[in-house]
Amino acid sequence: MPDSTPPISHACVRVAIIGGGPAGLMAAETLARLGIQADVYDGMPSVGRKFLLAGRGGLNLTHSEPAERFNQRYGGRSTAVAAWLRRLDAQALRDWAHGLGIDTFVGSSGRVFPLEMKAAPLLRAWLSRLRAAGVRFHMRHRWNGWAAGEAAGPQALHFETPQGVLAVRADAAILALGGASWARLGSDGAWAAGLQAHGVDMAPLHPANCGFDTNWSAHLRERCAGMPVKSVAMALDNDSVPGAWRRGEFMLAASGIEGSLVYALSAGLRDAIDANGATLAWVDLLPDLSAERVLAQVSHPRGARSMASHLQSRLGLKGVKAALLRECADPLAWQDMALLARCIKALPLRLLRPRPIDEAISSAGGVRLEAADEALMLKAAPGIFCAGEMLDWEAPTGGYLLTACMASGVTAAEGVRTFLAS
């Protein structure tokens, strides 16, 4: 009986870019500008799917804060990421968008958005420019790594395609495969095992910019799930006392907490849970009032009024904030006004686990930066470069993720030029 397996087809390209997200597309643009032919391969039917979804509520391109503070957003990886940002910083990213005909503005929080707030017009203009520059796109090409016995390198890149297996030989390759969140859009982290099997040092993939589970009572879950908790401050736990406070807002979910303030602290919360099995997030329900003022108002005689009416009258504490206080305060606080005042200013929320990685906005972990050189070429696979979220760094929301992803694409592409010239 004849073998019905489709034969393996072959292709040769100058530079293969695997992954059509912002990092991969920026790498392709940089290579085109340098006069180097780039071919972009992606497993999905179209590129930039996560980029488009992230921009549905308003595409946050970057942030307007000074460079020194901007760089600090990358925590322990700030020095490495700062080197990428010297190639494409926040202002350069705005200038790049303007070059595509997309005007930007700075919001009240310092975040930078396209004037129309949408990702689709920017992506359309970007793809049009890339195609005009000669960048070639290959959709529904899912990279399978290297065949058994093959060394990790650009000369034997295997893809599953609708027509069967395609073996691509390239002079260099840039992997920009994303992290492990939002798998339905292509970022599933499936590449991690293959790289590790070829000697690439990997950090475990974890959720980042994510929500956290807690054990709400049925009463709170039924009455308050979906409600925002505004004008508060939150702090990580530091030996059972609050650390540095950060102001903002978050939302009560049926399973726990989520939202921008939670995301800003999610790395510390996640790491504390990993280390201890659970952790506390401290919430200041009234950050505009001093502890002394809160104590004075709580201690004021309330007469025949209920405690709920008293707190609303004296402090404006009501609704979801009052419900959260009732849920999480020490039961003794309702008979001890000093303890109640302390709970209002530092309410402990016990968090049990981060939400699953596929629900997270982004992921942490991936290819350790120590596994690559400064040009982002893998030490275990010469000619293979990495860019974007698949590298082991993380940042809070606010434009920092997108800026660094695109800057890493520039860095990797410039590294490819040097490699090809050597």
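Biologist: Before we start, contact here means heavy atoms within 4.5 Å. With that in hand, what share of the contacts in the protein with a separation of 6 or more comes from residues 24 or more positions apart?

Modeller: Keep in mind that this is a predicted model. Counting the contacts with a separation of 6 or more, the share from residues 24 or more positions apart is 70%.

Biologist: Okay, and the overall inventory: how many helices and strands does the protein have, and what percentage of its residues count as buried?

Modeller: The C-alpha atoms fill a box of roughly 90 × 50 × 35 Å along the principal axes. Inside that box the protein has 15 helices and 20 strands. Out of 422 residues, the part that counts as buried is 51%.

Biologist: Let's look at helix 1 and helix 15. Are they parallel or oblique to each other?

Modeller: Helix 1 covers residues 22–33 and helix 15 covers residues 400–421, and their axes come within 7 Å. The axes cross at roughly 40°, while roughly parallel would need an angle under 35 degrees. Helix 1 and helix 15 are therefore oblique.

Biologist: Is that crossing left-handed or right-handed, and how many of the contact residues are nonpolar?

Modeller: Helix 1 passes helix 15 in a right-handed crossing. On the helix 1 side, the residues include Met26, Thr30 and Leu31, and they meet a helix 15 set that includes Met406, Gly409 and Glu414. Sorting the residues of this contact gives 1 charged, 3 polar and 11 nonpolar.

Biologist: Now the open sheet of 3 strands. Which strands stand at the edges?

Modeller: The strand order is 3-5-4, with antiparallel pairing. Each edge strand has a single partner strand, so one side of it is left without a neighbour in the sheet. That picks out strand 3 (62–63) and strand 4 (104–106).

Biologist: What stands opposite phenylalanine 105, and which helix lies across these strands?

Modeller: Strand 4 pairs with strand 5 (residues 111–114) in the antiparallel sense over 3 bridges. Opposite phenylalanine 105 there is phenylalanine 113 in strand 5. Lying across strand 3, strand 4 and strand 5, at about 145° to strand 4, is helix 5 (residues 90–99).

Biologist: Last one, strand 19: is it mostly covered or exposed, and which of its residues is the bridge partner of alanine 203?

Modeller: Strand 19 (residues 362–367) is mostly covered, with 6 of its 6 residues buried. Strand 10 (residues 202–208) pairs with strand 19 in the antiparallel sense over 5 bridges. In strand 19, alanine 203 has as its bridge partner glycine 366.

Note on methods:
Residues are numbered from 1 along each chain as its sequence is written. This is a predicted model: local features need pLDDT of at least 70, side-chain atom pairs count only at pLDDT 80 or more; totals for chains, interfaces and linings use all residues. Side-chain values use heavy atoms; hydrogens and water are left out. Axes are lines fitted to C-alpha atoms, for helices over the stretch in contact, and angles run from 0 to 180 degrees between N-to-C directions. Helices (H or I, at least four residues) and strands (E, at least two) are DSSP runs, numbered from the N terminus. Angles under 35 degrees count as roughly parallel, over 145 as roughly antiparallel, 65 to 115 as roughly perpendicular and the rest as oblique. A crossing is left-handed if the near helix is turned anticlockwise from the far one by less than a right angle, and right-handed if clockwise. Ala, Val, Leu, Ile, Met, Phe, Trp, Tyr, Cys and Pro count as nonpolar, Asp, Glu, Lys and Arg as charged, and the others, Gly among them, as polar. Two strands pair if DSSP finds at least two bridges between them. Buried means under 20% relative accessible area, exposed over 50%, partly exposed in between (1.4 Å probe, protein chains only).
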